[in-house]
Amino acid sequence: MKAVYYIGLDLHKKIIAYCIKTDSGVTVSRGTVAATRSALLKWVESLPQPWMAAMEATLFTGWVYDFLKPYAKDLIVAHPQMLKAITAAKKKNDRADAEKICDLLRVDLIPQCYMAPEEMRELRRVLRYRSHIVHMATNVKNKMSGLLMEVGAEYSKKRLHGRSYFENLLDTVEDVPQSVKELLKLSRAGVEMFAAVQKKLLAALRDNELIRDRVQKLMTITGVGEVTALTWVLEIGDPNRFSARQAISYCGLCSAQKESAGKETRGPISKKRNKHLQTVLIEAAKIAPHWNPQLAKIHAKELTKGNRNRATLAVARKLVIYMLAVDKTGIEFVPVNEEVAA
């Protein structure tokens, strides 16, 4: 049986530092390779066989992982936060980082993180880009309001972004410089473009066969809309890797646990979470009680114990439990009262 070679990779935009060791810890080689597919292919062809590698999760990890996967015996992506705690040192450079990752892989101490399939990552990239478009549109809308306030123009905040109202406003508003009107027209064109783009992106995701059935079943939960369901499916990936408590923690709906000498303390909501899921679930939890009687009861009960933020978090946690159950079982959601009546 051939000995396995262990490779640690430290990824950067232009270069990739590597360190190759045997299972006994003897360094075979170390160096850097250009972060291009042609350079990586040439480097892979020169590697001793068989080999397995580990790399830290970064912005560049996806394409490197997909490129090297067919050539490796095993390929592991390390959790960046947990890896930072393990490899903290006074001396830090690319060569040292690659060697530490290699050593952790060799002794099986790599804090591995989940790597979604390539198809899911492609769809997730589209959804996150749609979210970016929505944020840009919101900024432009706020700028339009700011322009009108700067010149003291009177307008209806709720109706400003309606097409007919906006056109009528430009024709009837008084004492507004022509430059401001031109800027408002440009901003309005930008808002319409952003709206068209985000609708097109949602339509493409909605019709994708890979996730369509999961999304439709999640939307049977009253209070869960299309964007919430899409975000859940594409950010969670495989739901079977989570328990209810783990999913709540992953979504950033609980505080960090700190226990020492038998005493447990809880601080504010932890920042170690999936921020995309957290944002969508919090916004959904603010609206869901208006449509879902079960969630409305939870919201009202928590309001008696604290403020609205506490009630919103309680609703968001319950939404996570509902969505995880539906996603794991593949069965449409049935409210408790309807199930008992049946």
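Helices are DSSP runs of at least four residues, numbered from the N terminus. In this predicted model, helix 4 comprises residues 94-106 and is followed by D108, a residue whose phi is positive, near 60 degrees.

Helix 4 contains 13 residues. The distance from its first C-alpha to its last is 18 Å, close to the 18 Å expected at 1.5 Å a residue. At the start of the helix, the backbone nitrogen of R95 lies within 3.2 Å of a side-chain oxygen of N93.

Seven positions need not be described one by one; the buried residues of helix 4 are A96, D97, A98, I101, C102, L104 and L105. An α-helix has 3.6 residues a turn, so residues three or four places apart point the same way. The buried residues of helix 4 pack against one other helix, helix 3 (80-87), and against strand 1 (5-11), strand 2 (15-21), strand 4 (51-56) and strand 5 (74-78).

The cysteines were then examined. A search of the whole structure finds zero disulfides. C102, which belongs to the buried set of helix 4, is in no disulfide, and the nearest cysteine sulfur, that of C19, is 4.5 Å away. Because its relative accessibility is 0%, C102 counts as buried. For C251, the closest cysteine sulfur is that of C254; the two sulfur atoms are 9.5 Å apart and therefore too far from each other for a bond. C251 also counts as buried, because its relative accessibility is 0%.

Technical notes
Residues are numbered from 1 along each chain as its sequence is written. This is a predicted model: local features need pLDDT of at least 70, side-chain atom pairs count only at pLDDT 80 or more; totals for chains, interfaces and linings use all residues. Side-chain values use heavy atoms; hydrogens and water are left out. A disulfide is a pair of cysteine sulfur atoms within 2.5 Å. Buried means under 20% relative accessible area, exposed over 50%, partly exposed in between (1.4 Å probe, protein chains only). Helices (H or I, at least four residues) and strands (E, at least two) are DSSP runs, numbered from the N terminus. The expected span of a helix is 1.5 Å times one less than its number of residues. Contact means heavy atoms within 4.5 Å. A polar contact is a pair of N or O atoms within 3.5 Å; within protein, one must be able to donate a hydrogen and the other to accept it, and residues adjacent in sequence count only if both atoms are side-chain atoms.
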